[in-house]
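Let's take a friendly walk through this model together, starting from one residue and working outwards. Please have the viewer open as you read.

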Amino acid sequence: MRTEWRYAIDGRGKSSGEIITEIFEHRGINIDEFLYPKEEDILDSEKLHNIGKAYDILMNGIAEGKSLTIWADTDLDGCSSAAIMYKYLKGMTNKVDVYINEGKEHGVK
């Protein structure tokens, strides 16, 4: 039995820009708002679940001289976010290490 795959967006014969534009339109995303967000488009950090608790743990750890370890994911956003966190935290303490896990895992361990 042969399976026929159907795609909602067919990119054959299109440039990468045309494909991206079509994907954004299909998902109802305004490209300019996505690429050039205004300050009011940024999520209020106070709305993040347990952000206050995380802040307290971090600041108490720094005040007590504890070492901090950033667990970095191996994909692009994981490495990028780990680099941003490392640079930021190094401005607060010298006790910062980065651990890059082996393989792909999610969540806090």
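Leaving aside residues up to four places away in sequence, Ala 82 touches Ile 70 and Ala 72. This is a predicted model, and Ala 82 has its place in helix 4, which spans residues 76-90. Is Ala 82 buried or exposed? Its relative accessibility is 5%, and buried means under 20%, so Ala 82 counts as buried. If you would like a distance to check in your viewer, try the C-alpha atoms of Ala 82 and Tyr 99: they are separated by 9.2 Å, while the two residues stand 17 residues apart along the chain.

From here we can widen the view to the core. Ala 82 belongs to the largest nonpolar core, a set of seven residues that also includes Ile 62, Leu 68, Ile 70, Ala 72, Leu 89 and Val 96. Which elements supply at least two residues each? They are strand 1, covering 68-72, and helix 4. Strand 1 gives the largest share of this core, with three residues. Both contacts of Ala 82 named above, Ile 70 and Ala 72, are members of this core too.

Val 96 is another core member worth selecting. Not counting residues up to four places away in sequence, Val 96 touches Leu 68, Ile 70, Tyr 86, Leu 89 and Lys 90. Among these contacts, Leu 68, Ile 70 and Leu 89 are themselves listed in the core.

Now let's turn to the surface. Ile 29, Phe 34, Leu 35 and Tyr 36 form a nonpolar patch there, and together they have about 440 Å² of accessible area. Tyr 36 sits in the loop between helix 2 (31-35) and helix 3. With a relative accessible area of 60%, Tyr 36 is exposed, because exposed means over 50%.

The loop between helix 2 and helix 3 also holds Asn 50. Have a look at its backbone: phi of Asn 50 is near 65 degrees, a positive value in a residue other than glycine. Asn 50 has 40% relative accessibility, so it counts as partly exposed, the class between 20% and 50%.

Finally, a word on confidence. The protein chain averages a pLDDT of 85, and 84% of the residues score at least 70. Among the elements, helix 3 (residues 51-63) has the highest mean pLDDT, 94, and helix 1 (residues 16-26) the lowest, 86. Where pLDDT is low, predicted coordinates should not be read in detail.

Terms used. Residues are numbered from 1 along each chain as its sequence is written. This is a predicted model: local features need pLDDT of at least 70, side-chain atom pairs count only at pLDDT 80 or more; totals for chains, interfaces and linings use all residues. Side-chain values use heavy atoms; hydrogens and water are left out. pLDDT is the predictor's confidence in each residue, from 0 to 100. Helices (H or I, at least four residues) and strands (E, at least two) are DSSP runs, numbered from the N terminus. Buried means under 20% relative accessible area, exposed over 50%, partly exposed in between (1.4 Å probe, protein chains only). Contact means heavy atoms within 4.5 Å. A nonpolar core is a set of buried Ala, Val, Leu, Ile, Met, Phe, Trp, Tyr and Cys residues joined through side-chain atoms within 4.5 Å. Patches are made of residues with over 30% relative accessible area and no salt bridge: like charges are joined within 9 Å, nonpolar side chains (Val, Leu, Ile, Met, Phe, Trp, Tyr) within 5 Å. Accessible areas come from the Shrake-Rupley method with a 1.4 Å probe; for residues, only the protein chains shown count as cover. A salt bridge is a side-chain nitrogen of Lys or Arg within 4 Å of a carboxyl oxygen of Asp or Glu.
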